[in-house]
Amino acid sequence: MQDPSRGYSFGMDPLADYNPFANPFSNNQTTASLDQKPQGSSVPSTSAVSAKQEKQQPQKQTSESIADFEKRQEELERKAQELQRREEEFQNSVLFNAAKKDKNWPPLPSKFCVEPCFYQDINVEIKVEFQPIVSMIYYIWIAHTCLYVLNVGGCLGLFIQMGEGTMFGLSILYCFLFTPASYLFWFRPAYKAFRSDNSFNFMVFFVFFFAQLVATVIQAVGLPNLGTCGFIVALAAIGNQESPGDLAIGIIALVIACGFGLVALGDFFLLVRVSRLYRSTGASFSKARSEFTSGVMRNQHVRQATSDAISSAVRVQMDNIVN
């Protein structure tokens with residue numbers, strides 16, 4: 001029988017159904033959750049909240065990406081300006097150091113009677129991207145110099161073997177005249193043009209280097225009594241053969257003529273390459289003219305002469321008015 005006052009039957013252990021690991025709040029939480037009823041308009045549903053968040057999230061991401069892009073763009077512009085400033089400072093320091101350094105070209109002994117006239121260092125004064133083309137121009141100038149020396153030797157042989165005294169004299173004149181003139185009139189302007197990106201020096205180089213190309217072609221042809229061992233002179237010496245030495249002198253002259261032809265070909269390709277490089281930088285003849293004008297006006301002697309001329313002209317006009 002079961003005692004209704006105690007709620008359990010006789011003969012049963014009251015702790016038989018007790019579970020110490022059960023959650024004592026589970027029944028209460030379940031009951032509470034069942035008793036709570038959702039209110040229609042006071043609490044938004046989960047789907048509405050998630051949809052609203054999904055609409056706001058792309059706008060937030062877009063604004064953040066635009067702000068990040070603008071920040072990166074400002075940082076890149078600042079770095080570009082800093083890099084340009086450092087490059088200008090480096091170029092100015094290079095030019096200043098070059099002005100302070102001792103002149104080292106032409107490379108002469110320290111106890112020689114003549115001192116070097118220029119400072120030249122392609123690896124220091126020229127930008128890295130322009131160093132190969134400037135070195136090529138320098139090697140072309142060396143090739144011209146070597147050909148002038150060889151031409152003196154060939155004309156000396158023609159003078160000894162065939163009595164060509166005029167050619168020998170002109171070859172000496174060409175060697176002593178064209179060697180320094182070519183350095184001053186087309187190599188040095190090209191060197192300064194690539195060093196400081198000066199359009200006027202580029203124009204000077206183009207004019208005189210084109211003249212050098214035409215002169216080299218004429219020297220390779222070798223007109224008689226012109227002072228160069230060209231193809232015409234070499235073939236005439238080979239075909240003459242009045243003495244055993246004529247053939248040897250003709251072959252030497254032919255080798256020198258081939259040298260002039262190869263150098264003329266190198267001059268042409270070098271002129272085309274420098275011209276393309278010059279046009280790719282956006283330079284023009286008007287820029288060269290403006291640089292020349294500004295350079296002339298910056299010269300102290302030119303400004304003094306201009307002011308003196310203007311003052312004298314004004315003084316003459318005032319005297320005419322008074323009289």
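Trainee: Let me start with a small detail: which residue's backbone oxygen does the side chain of Ser-182 reach at 2.9 Å?

Mentor: Good place to begin, and keep in mind that we are looking at a predicted model. Ser-182 is found in helix α5. From there its side chain reaches, at 2.9 Å, the backbone oxygen of Thr-179.

Trainee: And where is the place of Thr-179?

Mentor: We have just met Thr-179 as the residue whose backbone oxygen the Ser-182 side chain reaches. Its place is in the helix that spans residues 165-196, namely α5.

Trainee: Is Thr-179 buried or exposed?

Mentor: Look at its relative accessible area, which is 14%. Buried means under 20%. Thr-179 is below that limit, so it counts as buried.

Trainee: What about Ser-182, what is its relative accessibility?

Mentor: Ser-182 is also in helix α5, and it counts as buried. The value behind that label is 3%.

Trainee: Leaving aside neighbours within four places in sequence, which residues is Ser-182 in contact with?

Mentor: Here we set aside the neighbours within four places in sequence. What remains for Ser-182 is contact with Trp-141, Phe-187 and Gln-212.

Trainee: Which residues does Thr-179 touch, not counting those up to four places away?

Mentor: Let us treat Thr-179, which sits in α5, in a similar way. Residues up to four places away in sequence are not counted. Thr-179 then touches Trp-141, Thr-145, Tyr-148 and Tyr-174.

Trainee: Tyr-148 turns up in that list. Which helix does Tyr-148 lie in?

Mentor: Tyr-148 is in contact with Thr-179, and also with Cys-175, Phe-178, Gln-212 and Gln-219. Tyr-148 counts as buried at 3% relative accessibility. The helix it lies in is α4.

Trainee: How far apart are the C-alpha atoms of Tyr-148 and Phe-260?

Mentor: Along the chain, these two are 112 residues apart. In space, their C-alpha atoms are separated by 9.4 Å.

Trainee: Now for whole helices: are α4 and α8 roughly parallel or antiparallel?

Mentor: The axes of α4 (residues 131-162) and α8 come within 9 Å and cross at roughly 160°. Angles over 145 degrees count as roughly antiparallel. That makes the arrangement of α4 and α8 roughly antiparallel.

Trainee: How many nonpolar residues are in the contact of α4 with α8?

Mentor: The crossing of these two helices is left-handed. The residues of their contact include eight polar and three charged ones. The nonpolar ones number 16.

Trainee: At what angle do the axes of α5 and α6 cross?

Mentor: Helix α6 covers residues 199-221, and its axis comes within 8 Å of that of α5. The crossing is left-handed. Its angle is roughly 145°.

Trainee: How many charged residues does the contact of α5 with α6 have?

Mentor: On the α5 side we find Ser-182 again, with Phe-178 and Lys-192 among the others, while α6 contributes residues including Phe-205 and Gln-212. By class, twelve residues are nonpolar and four are polar. The number of charged residues is one.

Trainee: Are α7 and α8 roughly parallel or antiparallel?

Mentor: Helix α7 holds residues 231-240 and helix α8 holds residues 244-280. Their axes come within 8 Å and cross at roughly 160°. That makes α7, relative to α8, roughly antiparallel.

Trainee: What are the counts by class in the contact of α7 with α8?

Mentor: The crossing is left-handed. The contact includes Ala-234 and Ile-238 from α7, and Gly-250 and Ala-253 from α8. By class, the counts are ten nonpolar, two polar and one charged.

Trainee: Which residues does Ala-234 touch, not counting those up to four places away?

Mentor: Ala-234 is found in α7 and counts as buried at 0% relative accessibility. Its C-alpha atom is separated by 4.9 Å from that of Ala-253, 19 residues apart along the chain. The residues Ala-234 touches are Gly-250, Ala-253 and Leu-254.

Trainee: Stepping back, how many helices and strands does the protein have?

Mentor: Follow the elements from the N terminus: they run β-β-α-α-α-α-α-α-α-α-α-α. In numbers, that is ten helices and two strands.

Trainee: Last one: what share of the 323 residues is buried?

Mentor: We have met several buried residues, including Ala-234 and Ser-182. Across the 323 residues of the protein, the buried share is 26%.

Terms used
Residues numbered from 1 in each chain as written. Predicted model: local features only at pLDDT ≥ 70, side-chain atom pairs only at ≥ 80, totals over all residues. Heavy atoms only, no water. Axes fitted to C-alpha atoms, helices over the stretch in contact; angles between N-to-C directions. Helix = DSSP H or I, 4+ residues; strand = E, 2+ residues; numbered from the N terminus. Parallel < 35°, antiparallel > 145°, perpendicular 65-115°, else oblique. Left-handed = near helix turned anticlockwise from the far one by under 90°. Contact = heavy atoms within 4.5 Å. Nonpolar A, V, L, I, M, F, W, Y, C, P; charged D, E, K, R; others polar. Buried < 20%, exposed > 50% of the residue type's maximum accessible area, 1.4 Å probe, protein only. Polar contact = N/O pair within 3.5 Å; in protein donor to acceptor, adjacent residues only side chain to side chain.
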